[in-house]
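Let's take a look at how the helices in this one fit together. Have the sequence and the 3D view ready.

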Amino acid sequence: MDTRERILKLMENNHITKYRLAKEINVSSGIISDWANGKSTSYTKYLDKIANYFGVTVDYLLTGKEPEIIDSGVLTPKDKKDIAKDMERIREKLMNKEDGPASFDGENISDESADLLLAQIESMLGTIKLINKEKYNPNKNKKKK
């Protein structure tokens, strides 16, 4: 398997579209299509961005060799960015009362309670992300002793 095939496999395994990868690493989706079809090898200029996005090393993209020690207890920059995007949407909905006001026992929750709720949701999203990394991609994210 070559670098191009590894990138495509990462996209497939993580359910990432060509459009989404292009947007995340700031290239046109046409460039990603050219990579996928073997018409271009310009992806070599973007290996750092691709590796960071998928939470792998550049060495893995080039050689397929997994790092010896993998810490599945760490969120990648991509993970943190995804959580931040989710939290912004949740925060907007909560503060704008899009789906009705948040309430408890018939009373609207205070701004302080809303902040506590959002902090807890953010913590849970990080935990769920780590659990899912190990569960759905165990060979890459399993804890090694």
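## Just after H2

This is a predicted model. A handy place to start is Asn26, which comes right after helix H2 and has a positive phi, near 65°.

## The two sides of H2

Now step back into the helix itself. H2 covers residues 18–25, and its buried residues are Leu21, Ala22, Glu24 and Ile25. Looking down the axis of H2, you'd see these buried residues fall within an arc of 165°, so they line one face of the helix. As a general point, an α-helix has 3.6 residues a turn, so residues three or four places apart point the same way.

Swing round to the other side of H2 and you'll find Tyr19 and Lys23, both exposed.

What do the buried residues of H2 pack against? Their partners are four helices: H1 (3–13), H3 (29–36), H4 (47–54) and H6 (77–96).

## The largest core

Two of those buried H2 residues, Leu21 and Ile25, turn up again in the largest nonpolar core, which has 20 residues. They're listed among the residues with the most contacts inside it, along with Ile7, Ile32, Ile50, Phe54 and Leu61. H1, H2, H3, H4 and helix H5 (58–63) each give two or more residues to this core, and H4 gives the most, with five.

Leu61 is worth clicking on. Setting aside neighbours within four places in sequence, Leu61 is in contact with Thr3, Arg6, Ile7, Leu10, Leu47, Ile50, Ala51 and Val56.

## A second core

Apart from the largest core lies another, of seven residues, including Leu75, Ile83, Ala114 and Ile121.

Technical notes
Residues numbered from 1 in each chain as written. Predicted model: local features only at pLDDT ≥ 70, side-chain atom pairs only at ≥ 80, totals over all residues. Heavy atoms only, no water. Buried < 20%, exposed > 50% of the residue type's maximum accessible area, 1.4 Å probe, protein only. Arc of directions from axis to C-beta. Contact = heavy atoms within 4.5 Å. Core = buried A, V, L, I, M, F, W, Y, C linked by side-chain atoms within 4.5 Å.
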